[in-house]
Amino acid sequence: MPIHDLSYRHWEGKLKSHSFRWWAITYENLKVVLRRKLFIILILVPAVIQFFVFGGLIYGVNTYGFFSNLSLITPEFFFRFCFQQTFFILLICVFGGSGLISNDLKSNALQLYLSKPLTRLDYAVGKIATIFIMLECITLVPGILLFLEHSVLSQDTTFIREQYWIIGSIFLYSLILSIPITFLTLALSSITKNNRFAAIILITIVFGTTVLNGMLWVIFRARWTHFISYWNNIEMLGRELFGISKSSTDWQWATPIILILTLVCVWIMYRKIKGIEIVT
Amino acid sequence: MTPIIESTSLCKWYSQVMAVNDISISVGSGVTGLLGPNGAGKSTLLKLMVGLLKPDKGEIKVFGERVWNNNQINQRIGFCPDLDAFYETMTGFQFVISLAMLSGYSKTEADERTMEVLRTVDMLDNKDKKIGAYSKGMKQRVKLAQSLIHDPELLLLDEPLNGMDPIGRHNTIKLVEQLNQRGKTIIVSSHILHEIEAMTDNILLINNGRILAEGNVHEIRELIDKHPHNVYINCDKPRLLASILVQYDDVVSTNLSKEDGGLIVETVKPDELYSRLPGIILENDIKVENLHSPDDNLQAVFKYLVG
């Protein structure tokens, strides 16, 4: 009778290249987030429904001539679609993103991750990709699909010839909608072990700045008050990209504001993502 | 032989607290015990070895390479932390496989390797239970499993026996032995002397962030020969034996144990005492039931050095 060796065995296989090590983090986190049924039912499904509503409008206009006198399918139509997704963007960040780092801090898992052949950058990229992928799925992907739908259903080629740049605007605007809030969410998640606290601060920053903007506007009636609101800045950049800006200089202020905010968040993440939290 | 771990004037402080203070060590292959009381700097030293902490001064090299900001070296290091580092809602299998994926395994290989290491630490039967429902000992074993997942050459185990039941301890000690036989270098920390003693003779004594002594337990004993060495003799004529031994200059004191009447001899030259004893015993017809030196136990060495 053969006697098998049950003691520790060396592993002789080959490891995957290091370049995509971050994907393991993203894959695991997406699995955890998308396993939550309520998250899918209350956030992702409504976001998809919104896409179908806009898609239905395009279909109606092109097939049955609904609203044709209103010239419904304009660059503003695509801007509206993207900007209306901001509500779902915030919900995804609050419910799917705020715990991404704070839960690792709470469970001390970060020290285990970083004791593996994984850099802090791999870890951060993995977390960024988790939120970014979800956000692009509700902005870039449906935005492009709507553009293609209209291009295919439209009887004349004028739209494609004259408005082809919209596809670039959708792409760029989806990045503007996703990147700053992804970094903001993760920076807040990295400063606390409590994901609820991170979520509350995120909501406060996003909604609070809009409320503050409204209050200051009532008092000062000055244009600068609009730049206090996070969403206002994002909206201004969108309007500029889709060529429907109310003021030609808004984006010149909104761009550095969003850029600085993003850089501050990157700096916070750089400072806070460490294997060992040193409490002095 | 090239040392596996080498540190030069290594320092790490947390604000005003010096956690690791000017440590220069050279650790070769085999099992090395890192021994010291709680707060001595053991965990900090291990975290410096794995690259989780950046040295404030000095440097530390593992396999001849600097560890800080060198994640490639982590492919060769397995780390089992002292604190729990789990998502309690995960199962043991999910936890280990997620770390296997981070180590660079494909899904299929991660799956196989996870089963393999869970079998090694005897956790296969409980792999599908939530970690939150695990006992302390089971959590320790899962932590040990994750440290083995990428088949590292160097294992850093921070208090691995903490919270384990006697069978778990026995199996883990056996596993350490087995891993050593398979060519792994292991650094195991503990504040409990007999735990280390059961795994290795080769120790590093650490206290207040400094290495007090290193080497074999017996070598360390030689280092501290200025301290008296205790020899316990259980015999039928302890008072007679005491009166004879006390005449020699190297014998500092003799005491009778209150518990069992055994004789405790304090000497500064234990080797001379050992060579002299057989003659005295024969000459005086003393029946010796038991003779041992409590000083050979790490506890005594540690007490001497820590003060």
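Let me start inside chain B, where in strand β10(B) the residue B:E214 is the bridge partner of B:L204. That pair belongs to a longer run of pairing, since β9(B), residues 202-207, and β10(B), residues 210-216, are joined in the antiparallel sense by six bridges. I should say at once that what we are looking at is a predicted model, and everything I describe today should be heard with that in mind.

Staying with these two strands, β9(B) and β10(B) make a hairpin that has two residues between the strands, and in the turn B:N208 has a positive phi of about 50°. Strand β9(B) also pairs with β3(B), residues 31-35, and here the two strands run parallel, with three bridges joining them. If you would like a landmark for that pairing, B:G33 is the residue that stands opposite B:I203 of β9(B).

Let me turn to the sheet of chain B that includes β1(B). In which order do its four strands lie? The order is β2-β1-β4-β5, the sheet is open, and the pairing is antiparallel. At the edges are β2(B), residues 17-27, and β5(B), residues 65-66, each of which pairs on one side only. As general background, strands of a sheet pair through backbone hydrogen bonds, in either a parallel or an antiparallel manner.

Within this sheet, β1(B), which covers residues 5-14, is joined to β2(B) by seven bridges, and the two strands run antiparallel. Two residue pairs help to place this on the screen: B:I5 stands opposite B:V27 in β2(B), and B:W13 has B:M18 of β2(B) as its bridge partner. These two strands also form a hairpin with two residues between them, in which B:S15 takes a positive phi near 55°. Strand β1(B) pairs with β4(B) as well, again in the antiparallel sense, over five bridges, and in that pairing B:E6 has B:K61 of β4(B) as its bridge partner.

A helix belongs in this picture too, for α1(B), residues 42-50, lies across β1, β2 and β4 of chain B and runs at about 60° to β2(B).

Stepping back to chain B as a whole, it contains 10 helices and 14 strands, and its C-alpha atoms fill a box of roughly 75 × 45 × 35 Å along the principal axes. The domain assignment divides the chain into domain 1, residues 5-216, and domain 2, residues 224-306, and the C-alpha centres of these two domains lie 39 Å apart. Of the 307 residues in chain B, 44% are buried. Where contacts join residues at least 6 apart in the sequence of chain B, 67% of those contacts link residues at least 24 apart.

Now to chain A, and to a pair of its helices. How do α8(A) and α10(A) run relative to each other? The axes of α8(A), residues 140-153, and α10(A), residues 166-190, come within 9 Å and cross at roughly 170°, and the two helices are therefore roughly antiparallel to each other. On the α8(A) side the contact is made by A:L140, A:G143, A:I144 and A:F147, and on the α10(A) side by A:I166, A:I167, A:I170, A:F171 and A:S174. Sorted by class, that contact has seven nonpolar residues, two polar residues and no charged residues.

One residue of α8(A) deserves a separate look, and that is A:H150. Is A:H150 buried or exposed? A:H150 is buried, because 23 other C-beta atoms lie within 10 Å, and the cut-off for calling a residue buried is 20 or more. Leaving aside residues up to four places away in sequence, A:H150 touches A:I58, A:N62, A:I73 and A:F159. With A:I73 the separation in sequence is 77 residues, while the C-alpha to C-alpha distance is 8.1 Å.

Finally, the two chains together: 27 residues of chain A are in contact with 34 residues of chain B. On the chain A side, the elements that give two or more residues are α1(A), residues 22-34, and α6(A), residues 109-114. Of the elements on that side, α6(A) gives the most, with five residues. By class, the side of chain A that touches chain B comprises 12 nonpolar, 10 polar and five charged residues.

Key
Residues numbered from 1 in each chain as written. Chains lettered and ligands numbered in written order. Predicted model: local features only at pLDDT ≥ 70, side-chain atom pairs only at ≥ 80, totals over all residues. Contact = placed C-beta atoms within 7 Å. Nonpolar A, V, L, I, M, F, W, Y, C, P; charged D, E, K, R; others polar. Pairing = 2+ DSSP bridges. Axes fitted to C-alpha atoms, helices over the stretch in contact; angles between N-to-C directions. Parallel < 35°, antiparallel > 145°, perpendicular 65-115°, else oblique. Domains from an automatic or database assignment. Buried ≥ 20, exposed ≤ 12 C-beta atoms within 10 Å, placed from the backbone.
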